[in-house]
Amino acid sequence: MIIMSDNKELTAVEINGIKIPEKTINDTYQDIAHPAASEVGKLIAKPVQLVNWIADCAKNYFTGGNENTKKLQDEVQKKIENVPPEQICNAPQNIAVPAIIANSYTDTECLRSLYANLIANSMNRNNQNNAHPSFVEIIKQLTPDEALLLKTSSLLKTTVPTCQIRYQEKSSYHNSNKYNLSPTNIVRDFQTGIPIIKYYIPSIQAVPVEKLQVMIDNFIRLSLIELPNDKVLTDKNSYQSFYKDSFNIDIEKIYMQSEFASLDYELSHILCYISPTNFGKSFYDICVK
């Protein structure tokens, strides 16, 4: 609570029922400018600065929110331009309202495109039944890079061959499926060892491997994709791109110089695959495609 005198000069500030004299406030501003000021002044200055930051953040939100809503409106309009008028209906409020609110604090076009697709499809009688309210929450839990990956990769469209990279006991691979493998493949059976990379996907090069691990974990958490245990693809050419490339050679060099170097270990690929769930396919059709 700020108490003002008749001449509108600041005389005191009340925080938690305690009035702080004007001199203390002036000293606080001195503390902000001069690091050598008292610790008491710093304790007062920090809440004041925090409140100012919150106010600025709120002001920017309301300004940006209006702009983002207008952009969303324009994008939805473009997406329904070619829909026959008789197929257009009102979007369900449990989809449209949360999507509009979530988009209001979304500054990236990639995420806005997902919200626009969701609203536009929920306004189309042919697609409305497939537009699920939970899709709003899914989009809210995606980063812009994750949204872009879902749009540019096959993760939500088809099964994607992947493997786990391990440093494990040396072994051989019994190619009972008769895969067409590279001569320099390091495909092996699972043995005692150390997991290094859980999802190695050579077909995705645009995202650093370390970052991709977090993305895939998030997609699995959101039930967009799944990683079946102890299952592999049956197509003979599924795993041709899994071999000792430069990336794997660099990993091998690191582990050959580690504490495990004295063990009879080798770098190995344990084959598996990632598959979109039915929920993930529906999300792709309504929000991503």
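**Exercise 1. Find out how well strand β4 is covered, and which strands pair with it.**

*Step 1.* Strand β4 spans residues 160-169, and eight of its ten residues are buried, so the strand is mostly covered. Here "buried" means under 20% relative accessible area, "exposed" means over 50%, and "partly exposed" lies in between (1.4 Å probe, protein chains only). Strands are DSSP runs of E with at least two residues, helices are runs of H or I with at least four, and both are numbered from the N terminus.

Before going on, a word on the model: it is predicted, so local features need pLDDT of at least 70 and side-chain atom pairs count only at pLDDT 80 or more, while totals for chains, interfaces and linings use all residues. Residues are numbered from 1 along each chain as its sequence is written, and side-chain values use heavy atoms, with hydrogens and water left out.

*Step 2.* Now look for partners; two strands pair if DSSP finds at least two bridges between them. With strand β7 (residues 265-276), β4 pairs in the antiparallel sense over ten bridges. You can locate this pairing at Gln-164, which stands opposite Ile-270 in β7.

*Step 3.* Strand β5 (residues 193-200) also runs antiparallel to β4, joined by five bridges. Here Gln-168 faces Gly-193 of β5.

**Exercise 2. Describe the ring pair of Tyr-179 and Tyr-239.**

*Step 1.* Start with the rule: rings of Phe, Tyr and Trp (its six-membered ring) pair if their centres lie within 6.5 Å; planes under 30 degrees apart count as stacked, over 60 as edge-to-face and the rest as tilted. This rule gives eight aromatic pairs.

*Step 2.* For Tyr-179 and Tyr-239, the centres are 5.2 Å apart and the planes stand at 80°, so this pair is edge-to-face. It links distant parts of the chain, 60 residues apart: Tyr-179 is in the loop between β4 and β5, and Tyr-239 in the loop between β6 (225-226) and α8 (246-256).

*Step 3.* Check the cover. Tyr-179 has a relative accessible area of 5% and is therefore buried; Tyr-239, at 0%, counts as buried too.

*Step 4.* Finally, widen the view: Tyr-179 and Tyr-239 belong to one aromatic cluster with Tyr-200, Phe-242 and Phe-247.

**Exercise 3. Work through three salt bridges and say where their residues lie.**

*Step 1.* A salt bridge needs a side-chain nitrogen of Lys or Arg within 4 Å of a carboxyl oxygen of Asp or Glu. The count comes to nine.

*Step 2.* Take Glu-75 and Lys-79, whose closest N and O atoms are 3.9 Å apart. Both lie in helix α2 (residues 39-79), four residues apart, which is about one turn of the helix. Glu-75 is buried because its relative accessible area is 18%, whereas Lys-79, at 33%, is partly exposed.

*Step 3.* Next, Asp-264 and Lys-170 meet at 3.6 Å, N to O. Asp-264 lies in the loop between α8 and β7 and Lys-170 in the loop between β4 and β5, so their bridge ties together parts that are 94 residues apart in sequence. Asp-264 counts as exposed, with 53% relative accessibility.

*Step 4.* Last comes Lys-244 with Glu-252, where the closest N and O atoms are 3.3 Å apart. Lys-244 is partly exposed at 29%, while Glu-252 is buried at 15%.
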